[in-house]
Amino acid sequence: MKTNKTITIEGESVKPGETKLLNISIDRLPTGTLIDIPVYVFNAKKPGPTLLVQAGLHGDEINGIEIVRRMLSEKRFNITRGAVIAVPILNIFGFIHYSRDVPDGKDVNRSFPGSRTGSMAGRIAYHYTSAILSQIDYGIDLHTGGGQRHNFPQIRYTHNDEQSEKLAKVFNAPISFASKLIKGSFRNAAFLLKKPTVVFEAGESMRFDEYSIIEGMQGILNVMKHLDMVTTLDPKYIERNNTVHLGERKWLRAPTAGMFVPSISNGSEIRKGQVLGIVSDPYAKRKKTVKAPFDGLVFCINHQAVVNQGEALFHIGKPTNEGVIQADR
């Protein structure tokens with residue numbers, strides 16, 4: 001019977017049937033303390049695809065980190081075929097500074113494929129690309145909203161990429177839609193290497209959201225089951241018929257500066273002309289309403305209480321199918 005391939009990271013091999021915690025060397029703190037990216041490798045004896053599950057590309061997006069941590073704790077990566085490479089925190093520098101970026105202010109997710117002699121963000125991207133990307137078949141990249149924006153659990157795939165679209169359908173998050181590639185992003189680097197990758201966005205930075213966490217865990221399990229890496233999904237975290245696919249999407253922005261008070265919950269259906277919230281001055285002298293321009297649903301809400309004119313308040317979209325938003329919890 002054929003056996004699975006050996007996975008080698010930073011000169012250390014993980015043979016079929018082995019599980020190891022490895023490290024990708026990155027840099028040092030000014031104190032001299034070494035900084036590594038911890039990488040778990042679960043390599044089954046039977047051959048199959050290699051799936052990357054990563055979080056913490058932006059260091060303050062901790063829901064994804066908790067998704068990976070909890071799946072490690074609950075031993076949900078104990079697979080029977082193929083291999084899983086699980087990376088709880090990619091951007092260690094950002095994580096320890098409660099920051100989206102690295103200390104020089106650059107975004108690692110705008111620095112791929114990186115450079116061995118470039119900026120700190122570029123070097124992290126370079127080492128990670130060299131050590132990981134060439135060895136995977138599929139990728140799941142876990143994110144949250146940023147800047148106090150709360151994303152309702154959603155899966156994003158690459159426009160006109162059939163393989164990533166199929167992966168998104170299998171993941172079966174509450175909401176899905178095609179998203180354009182961004183130059184320098186991890187997903188763009190994976191696409192150029194023909195590695196189908198989806199991005200799961202859920203919750204907001206520096207805040208745990210239990211619903212987002214269990215949605216992410218279930219989606220990863222759905223993909224693993226589809227790839228024949230596990231034989232069962234039990235116990236399941238979420239039951240759902242199918243995802244809601246969005247077509248047209250639009251940001252609704254603050255019509256003026258002031259106190260922002262939303263009047264709907266994230267994930268809610270909306271009707272054209274419906275008041276979604278208000279922006280008022282602190283003295284109750286004037287206020288402006290924010291209304292829905294079309295029927296659809298809200299999948300991101302800004303939780304910043306004080307806003308300036310033009311700031312994004314709601315991300316809304318038009319469903320192209322009749323999916324089920326709320327799961328049985």
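Let's start at one residue: setting aside neighbours within four places in sequence, T289 is in contact with P255, V275, G277 and I278. The model you are looking at is a predicted one. T289 sits in strand 15, which covers residues 287-291. Is T289 buried, partly exposed or exposed? With a relative accessible area of 39%, T289 is partly exposed. One of its contacts, V275, lies 14 residues away along the chain, and the C-alpha atoms of T289 and V275 are 6.4 Å apart.

**A loop residue**

N266 offers another local view. This residue belongs to the loop between strand 12 and strand 13, the latter being residues 269-270. Its relative accessibility is 15%, and N266 counts as buried because the cut-off for that class is under 20%. Which residues does N266 touch, leaving aside neighbours within four places in sequence? The list holds H150, N151 and F152, together with V298, F299, C300 and I301. N302 can be placed relative to N266 as well: the two are 36 residues apart in sequence, and their C-alpha atoms are separated by 9.8 Å in space.

**Aromatic pairs**

Now to the rings. A pair of aromatic rings is described by the distance of the centres and the angle of the planes. The count for this protein comes to eight aromatic pairs. Two of them are set out here.

| Pair | Arrangement | Centre to centre | Angle between planes |
|---|---|---|---|
| Y40 and F42 | stacked | 6.3 Å | 15° |
| F260 and F314 | edge-to-face | 5.4 Å | 75° |

The Y40 and F42 pair is stacked because its planes are 15° apart, and the cut-off for stacking is under 30 degrees. For F260 and F314 the angle is 75°, so the pair is edge-to-face, a label given to angles over 60 degrees.

Where do F260 and F314 lie in the secondary structure? F260 is in strand 12 (residues 258-262), while F314 is in strand 18 (residues 312-319). The pair therefore ties together parts that are 54 residues apart in sequence. F260 is buried, with a relative accessible area of 5%, and F314 is buried too, at 0% relative accessibility.

In the stacked pair, Y40 is partly exposed at 26% relative accessibility, whereas F42 is buried at 10%. Y40 and F42 also belong to a cluster: ring pairs link these two residues with F77.

**The whole chain**

Stepping back, the protein's secondary structure comes to six helices and 18 strands. The radius of gyration is 21 Å, close to the 20 Å that the globule rule gives for 329 residues, so the protein is as compact as a globular protein of that length. The C-alpha trace spans about 70 × 50 × 35 Å along its principal axes.

How much of the protein is buried? Buried residues make up 53% of the 329 residues. Contacts can also be sorted by sequence separation: among those between residues at least 6 apart, 69% join residues at least 24 apart.

On the outside, the protein exposes about 15,100 Å², and carbon and sulfur atoms supply 49% of that area. As for charge, there are 42 positive and 32 negative side chains. The centres of these two sets lie 3 Å apart.

Conventions:
Residues are numbered from 1 along each chain as its sequence is written. This is a predicted model: local features need pLDDT of at least 70, side-chain atom pairs count only at pLDDT 80 or more; totals for chains, interfaces and linings use all residues. Side-chain values use heavy atoms; hydrogens and water are left out. Helices (H or I, at least four residues) and strands (E, at least two) are DSSP runs, numbered from the N terminus. The radius of gyration is taken over C-alpha atoms; the globule rule is 2.2 Å times the number of residues to the power 0.38. Buried means under 20% relative accessible area, exposed over 50%, partly exposed in between (1.4 Å probe, protein chains only). Contact means heavy atoms within 4.5 Å. Accessible areas come from the Shrake-Rupley method with a 1.4 Å probe; for residues, only the protein chains shown count as cover. Lys and Arg count as positive and Asp and Glu as negative; His and the chain ends are not counted. The place of a charge is taken as NZ of Lys, CZ of Arg, CG of Asp or CD of Glu. Rings of Phe, Tyr and Trp (its six-membered ring) pair if their centres lie within 6.5 Å; planes under 30 degrees apart count as stacked, over 60 as edge-to-face and the rest as tilted.
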